[in-house]
Amino acid sequence: MSKIQVSTNINNESVEYLCEPHDTMLNVLRNQLDLTGSKESCGSGDCGSCSIILDGELVCSCLMLAAEAEGSKLETIEGMSEGGKLHALQQKFLEKAALQCGICTPGFLMASKALLDHNPTPTETEVRFWLAGNLCRCTGYDKIVKAVLEVADDMKESA
Amino acid sequence: MNEISNKWIGKNTVRPDGAEKVTGRAQYSSDTTMPGMIWGHVLRSPHPHAKIISINTKKAEALAGVKSVITSKDIVDFPLDTPVILGIQDMRWMCRNVMARDKVLFHGHPLAAVAATTEAIAEKACDLIEVEYEILPWAIDIEDAIKDDAPILHDHIQFNGKPSNIAGTLEHKKGDIEEGFAKADVIIEKDFKTEAVHQGYLETHSCLVSVAADGRATIWSSSQGQFMVRAMTSFLTGIPQSNIRAIPAEIGGGFGGKTIVYLEPLATVLSQKTGRPVKIVMNREDTMRASGPTSGSKSTIKIGATNDGKIVAAQGIYYLQAGAFPGSPIRGAAGCSLAPYDIPNAHTFGYDVVSNRSKVAAYRAPGAPIGAYGVECVLDEIAEALKMCPLELRKINAAKEGTKAVHGPVFPKMGYIETLDAAINHPHYKAPLGKHQGRGVASGFWFNAGGESSAQLNITEDGNVVVTTGHPDIGGSRASIANITAELLGIHHDRVSVLIGDTATIGYSNLTGGSRVLFASAMVVTESAQIVINQLKQRAAKIWGIDEDAIEWENGEARPAGDNAGKFAPLTLAEIADKATATGGPIGAGYQVNTEGAEGGFATHICDVEVDMDLGIVRVKRYTSIQDVGKAIHPDYVEGQLQGGCAQGIGWALSEEYIYNKDGHLDNTGFLDYRMPVCSDLPMLDTVIIEVPNPKHPQGVRGVGEVPLVPPLAAISNAVYQAIGKRSYSLPMSPPKVLKIIEGN
Amino acid sequence: MSETQYLAAKTIDEAVSAHSKANGSARFLAGGTDLLVQIKSGIKKPKLVIDIKKIVELNAIKEVSDNEFMVGASVSGANLNRNNKFTKLWPGVIEAFRLIGSEQIQGRASLGGNLCNGSPAGDSVPALIAAGCIAIIAGPDGKKEIPIENFHKGPGKTVLENGEMLVSLKFPKREINSSDAYLRMTPRTEMDIAVVGCGVNITLENNVCTAARVSLGAVAPTPLLIKDASDIMIGTDLNSDILDKVANLCIKACNPINDKRGTIDYRTKVAGVLLKRSVLIAIDRIKGN
């Protein structure tokens, strides 16, 4: 049973680790790299709690082998704020009470960031369908969708 | 407290724990680690019902990396003949639920646990445990569990003098229903069926337990009550409560499902035996199959009314699934279903039915959604028979201050009628409907609870405030407590920190559940704040050399109460804190009490659906929930409770259900096939907050969290009827079922 | 599981030869959105996982000649969706592919993976069959081509033999006045597996159908090409009587299972409904262009 050495980039930092061939990226993030912000709620890609951005694409880290990160660029929730300054989405989620228990929040923030990176002016329907891969059981999604639309509006105004 | 000049109560402040949550730094229990930590894994029954003939753990123990293997002999036994009640649970069932003793009673029932250096090794070791079973016939559904030749789960449970799977009953009576029905001009009697649904919290069960060499245990777990965790673990392991410290981690959802323990006692014993901290994390599949959903049910509702719309008699007979051990929420079904109405003759009866599925756990107003479903649907049929608006029918019969509820108490001042009026006058109720669209309404009630709470309020040396409360925060209660504290002390909200204590650092506090956290913690925080304000006045009195009765506290300052008291410049909280040592020592106080005065909550919901008539698909197009919350301390988080409950109700009504296969195994154990609503399934969820203050609470608070799940099942069913012209009497209204009804099969 | 090895293949030959040597105990890994779930639940227990995402040909979207496309087996849904020309030519294929899972899944999932997973309910497959798509396969004996409608042998089983790998999907040169459409029935708006899927591809000239292909998914052990549908549709104006006939044909072709996602009865009914709706969408697309 030989481990694989992986060199990758996580949140703009070079990272190296050893992993088993069958380790998922989520497993390595949480249990080896102390990046516990990404959560495991289902392990089967159905809830989005483990969402990260891989080479610019929104993906579920539970459905990715840690070995596949070789040479890639990953963004996790831990890299969303910079130097202690919250991203506009993080700030808006707080102001608009778009979280209750907060367990789904990292996944939603990653997914929302990916949405606005790809489509800066989404409609409510586009937001809802883009976020359909992220489950929330506490909020009924209402305040989350409103927060994302408001950030999009804010960004449009300041542009 | 002056309503108009409230600075913080009623404001949407940013929650104190927010920054950690949006940056991924908040520590949930599976995020926690300790040096030397090892992993636990649970062996679960592959059979729905079987006798355990033998368990051989030798091969498992011999696997490299395995540190300990335990079975039921390592868990305290509670003999079946002696009830041992802890809160709403009975330890006889709890000890058998966490670890099967001589029988496994559901697919997924734990019967052994392993601790090993990695999770993978622990899992492999479980596969090496050899169990000999004598497979028994099993029963999953209510009908199968109560028929004459049903396989019996517990030999000691008897009903009508025979061994039975009916483990208990509950009854409420008011007046004489026979007389009542005799007076009725219209009587509607219907049968209803619902399936088991899971609370669906995104964070699975997990815990990390460290037992030190002196036998003292520290538990970090995802739970709705650290004191419950401590007590249950103490009962089930034999360790005295004073040697257990239960720390509530941030919790990723509970909705009632985390008001009991599954893993903590196992991890504690494993940690004791190995001398290492042990972490156990349940995966999604085991969470679905082995942690309590709420009951499936079958019920018969009969309501009679006279032509003027007065309900003269009502009866509800409920059968609720308990799962493998007694304890379904018949109390909620039988007690809440008729509560919104003033009915002279009423009767509700509940049957608690055990069967070979996981033991049910509380789910947001346990039993009440099931109870209300049938009643609110039959009321719709009565309104139709009398050619009356369904909201007007409810208004004619509405409970008000002074009404004696079917379950006993007399209602004090409350706002049920206000919710009906708000619904009747809401633009939603008058909005035009399109093709294949329909609108339904329903009301609901939940008891709400009070219960024990403790708080500490301490002034820091730099003049700010730290509040410690005793209840895990699952909905944003810390934000509301900060609002109240800031308001009472007259200081800026940012100067208040709110923390949740553990069993060692805060006094006994009852569960986070029952819609009681804010109600109860606000009471004890208010008392603590009052004591602290008196202390601050005393210190000012000392500093000025005047009588403390001559001092008032306003806007965060002590001032002389009048010109006669003396001309002194006001002393701020910070200034007094600075002189704390010189004036007597630390400034702070705590308060603990069994809070009383919690009053029930009422709501009315309006729902529009659109139905695809060729495919049977129902989509919710518009939803408005209207609820009397007493006082909204933090309106956004109050709205959040309403919206969350509505979303869960939509899932329960349209797509969620437990599906068992022919082997008695739960077939849909993941989020692919256990279908909770996703973002694109729902519209915006509008809310109307009604405030009829609870006269028994310092801020007028009523419990908010549970009522929202009570009306949706019927509101949506009634809407579907309006859209398709035929009624459904069972949930979920999934597309194949709706299509069958449309086609009239 | 602890014996699983991982290999990131750099060329087709490397991948094919590693798979061949493993003699049935290796699996190709593209997006992993099916494979990782299956490994976790124990359904598949490969000794070797061969990551094919670094192979250039498999990641490419090539316009071989005007309006003639070849899509590499591991191209993700997110990537294919960004190719404006492809999405204009094959809106049905794109909408079928885009229905698979969430945006997170789309960031990884591939047409090739969806095809090779062999699920009778795979959303992209009816659209690929309707399109007349051909699978290009590399193996120890060289390359071969198989029409998608012949690719599946049964639930989870494809015609791929040991050492064979799907390299790309060859789409026919797109005729003018043609369009396709895919519809599926799921209980929720997203995140569900198709209870029934229907893909249609038609060509209309002066309102007369000159070419038509109809395919159904999730109603039989493999996705179906409804061969006789073409005969009924060609030469007609696709009026409601014709569509009723084709719908009935679809209903007769159904041989579904009862499971927690749908009953035989329901799936059969839905197949007919989806057929009519998808043809109307394809017609609209042709007329709108």
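Are B:D608 and B:R439 buried or exposed? Both residues are buried. The model on display is a predicted one, and the tour below starts from this pair.

**Stop 1: a salt bridge within chain B**

Select B:D608 and B:R439 and display their side chains. The two form a salt bridge in which the closest N and O atoms are 2.7 Å apart. B:D608 belongs to strand β28 (residues 601–612) of chain B and B:R439 to strand β20 (residues 437–446) of chain B, so the salt bridge ties together parts that are 169 residues apart in sequence.

**Stop 2: a network in chain B**

Next, select B:R15, B:D17, B:K21, B:E250, B:D473 and B:R478. A network of salt bridges links these residues. For the structure as a whole, a search over all chains finds 71 salt bridges. Side chains of opposite charge can pair when their charged atoms come close.

**Stop 3: from chain A to chain C**

Centre the view on A:E68. With a relative accessible area of 5%, A:E68 is buried, since the cut-off for that class is under 20%. Add C:K53: its salt bridge with A:E68 has its closest N and O atoms 2.4 Å apart. A:E68 sits in the loop between β4 (57–60) and β5 (73–75) of chain A, and C:K53 in the loop between β3 (48–51) and β4 (61–65) of chain C, so this pair joins two chains.

Keep A:E68 selected and add C:R108. A:E68 also forms a salt bridge with C:R108, with the closest N and O atoms 2.7 Å apart. C:R108 is placed in the loop between α6 (103–106) and α7 (111–117) of chain C, so this pair, too, joins two chains. C:R108 is buried, at a relative accessible area of 9%.

**Stop 4: two helices of chain C**

Now select residues 240–253 and 264–288 of chain C, which are helices α10 and α11. Their axes come within 8 Å and cross at roughly 140 degrees, which makes α10(C) oblique to α11(C). The crossing is right-handed. On the α10(C) side, the contact includes C:L243, C:V246 and C:C250; on the α11(C) side, it includes C:G272, C:L275 and C:V279. The residues of this contact comprise eight nonpolar, two polar and two charged.

**Stop 5: B:I690**

Finally, return to chain B and select B:I690, located in strand β30 (residues 685–690). B:I690 is buried, with a relative accessible area of 12%. Beyond its sequence neighbours up to four places away, B:I690 touches B:E418, B:T419, B:A422 and B:I626 through B:G630, including B:D628. A distance label drawn to B:G332, 358 residues away along the chain, should show the C-alpha atoms separated by 23 Å.

Definitions and conventions:
Residues numbered from 1 in each chain as written. Chains lettered and ligands numbered in written order. Predicted model: local features only at pLDDT ≥ 70, side-chain atom pairs only at ≥ 80, totals over all residues. Heavy atoms only, no water. Helix = DSSP H or I, 4+ residues; strand = E, 2+ residues; numbered from the N terminus. Buried < 20%, exposed > 50% of the residue type's maximum accessible area, 1.4 Å probe, protein only. Contact = heavy atoms within 4.5 Å. Axes fitted to C-alpha atoms, helices over the stretch in contact; angles between N-to-C directions. Parallel < 35°, antiparallel > 145°, perpendicular 65-115°, else oblique. Left-handed = near helix turned anticlockwise from the far one by under 90°. Nonpolar A, V, L, I, M, F, W, Y, C, P; charged D, E, K, R; others polar. Salt bridge = Lys/Arg side-chain N within 4 Å of Asp/Glu carboxyl O.
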